Amino acid sequence: MTPDSRTTADADPHSTAGTQPRFSELDLALVDALQAAPRAPWSQIGRALGVDATTVARRWERLRVNGLAWVTAYGAPKWITVAYVEVRCRPRALEAVSLALAGMPWVFSVDETAGDFDLLASVNAADLPSLGRSVHGLIGGLKGVRSTRTRLGITLYSEGGDWRMRAMEPAGHAELAAPRAPGATVYSALTHHPPAPDDQALLAALGADGRLSYTELGAKAGMSEHTARRRLQRLVRDGDITLRCDLAHSLAGLSTVVLYRAAVPHTHLAAVGHALSRLEEVRLAVSVSGSDNLLVMVWLRGLHAVDPFEALLAERFPLLRVNDRTVVLRSRKRMGRLLDPAGRATGHVPFAMPRASFPADGASPEWTATPR
């Protein structure tokens, strides 16, 4: 067995002596299986991986407890307004601003970057007016923020819930739920009508742990097991919830995250966006406002992989013009999960939207209980 293939059972995944903890091939296949079917029973996951249910359940618990992988849930993006806010900070203010952004429930992801801005905050709001007030008042008003620039999300071609580790044997996929058909989601710029209170409670509970049993889910959401099962099945059937398995990417060999701002002629934008979403490196492909009408995030196996990937872009997408390349130094928050420098989950900030108005006295605003 090579050092790179040692399992989390061979060494303490939390050990800080020597090398960082690593995923085994089975661990990565388990993550892949849960990306395909986040709430599948362990017996079904075990059949897909060719191991017994007890083994996969034990391995998952080890990964989850150590923050190496997790399953979360959030509301459908078709009902919300989303924006990507580039934040420039004053000298020595980056850490404080990054921490403040990560603590905001309506800021669902925070990335510290090396480029012409310092932070990228992915945010959501009920509508365009509240988005503007939130960005200018709450982010722009933070001590240490020099400036912000907002790119409104328009059409989402792919996001982290669509990305796959691709570590499972092809035969295993037959045991799991059929993959979602590729498509695009148009973000809503209209006033968002929050889910019913019971659905909000389910989303909040599943945001913290997307694999809660129906008994646990009902208890946390304040309803019977039967009601929790019925309501969740409806949310899944109607496409009103996204369940997603994520992982500490750098410890899985994907150490480099790159953001591309690109321009594509409008008549070709949808075709290019859909094609990009099928590349295994692409985590996010979304059309945005501004002259650079496409934002793309990729996960790569090191800086050495940047040039080959860009050569691939140039070959396959001759109409795509990359205007800016930004490398992520650290992901501090991803879809509500707080991350340590190695990318391990250390906490969870439940999603909520900022209220439509803010206190006149400058006090901190309250948050609605509406999950993303």
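Begin with the second largest pocket of this predicted model, which has a volume of about 240 Å³. To bring it into view, select Leu 254, Glu 280, Glu 281, Trp 299 and Arg 301, which are the closest to the pocket's centre among the 13 residues that line it. Then colour strand 10 (294-300) and helix 10 (306-316), the elements that give two or more residues to this lining. If you colour the lining of the second largest pocket by residue class, eight residues appear as nonpolar and five as charged, with no polar residue among them.

Next, turn to the enclosed spaces, for which a search of the whole structure finds two cavities of 30 Å³ or more. The largest cavity holds about 320 Å³ of space, and a good way to reach it is to select Ser 109, Arg 244, Leu 284, Met 297 and Met 335, which lie nearest its centre out of 23 lining residues. Now show the strands around the largest cavity: strand 2 (81-89), strand 3 (107-114), strand 4 (119-125), strand 8 (256-263), strand 9 (282-288), strand 10 and strand 11 (321-334) each supply at least two residues of its lining. Coloured by class, the lining of the largest cavity shows twelve nonpolar, four polar and seven charged residues.

Keep strand 2 and strand 8 on display, since the second largest cavity also takes at least two lining residues from each of them. For this cavity, with about 50 Å³ of space, the whole lining can be selected by name: Tyr 84, Glu 86, Phe 117, Leu 120, Arg 151, Leu 259, Arg 261 and Leu 295. Five of these lining residues are nonpolar and three are charged, while none is polar.

Finally, leave the cavities and select helix 6 (residues 197-208) together with helix 7 (residues 214-221), whose axes come within 9 Å of each other and cross at roughly 120 degrees. Because of that angle, helix 6 counts as oblique to helix 7. As you rotate the view, note that helix 6 passes helix 7 in a right-handed crossing. To see where the two helices meet, show the side chains of Ala 201, Leu 202, Ala 205 and Leu 206 on helix 6, and of Leu 217, Lys 220 and Ala 221 on helix 7. The residues of this contact between helix 6 and helix 7 comprise six nonpolar and one charged, with no polar residue.

Terms used:
Residues numbered from 1 in each chain as written. Predicted model: local features only at pLDDT ≥ 70, side-chain atom pairs only at ≥ 80, totals over all residues. Heavy atoms only, no water. Axes fitted to C-alpha atoms, helices over the stretch in contact; angles between N-to-C directions. Helix = DSSP H or I, 4+ residues; strand = E, 2+ residues; numbered from the N terminus. Parallel < 35°, antiparallel > 145°, perpendicular 65-115°, else oblique. Left-handed = near helix turned anticlockwise from the far one by under 90°. Contact = heavy atoms within 4.5 Å. Nonpolar A, V, L, I, M, F, W, Y, C, P; charged D, E, K, R; others polar. 1 Å grid on protein atoms, 1.4 Å probe; cavity = no way out; pocket = protein on both sides within 12 Å on 5 of 7 lines; lining within 4 Å. Points joined across faces, edges and corners; volume = space filled by probe spheres on them.
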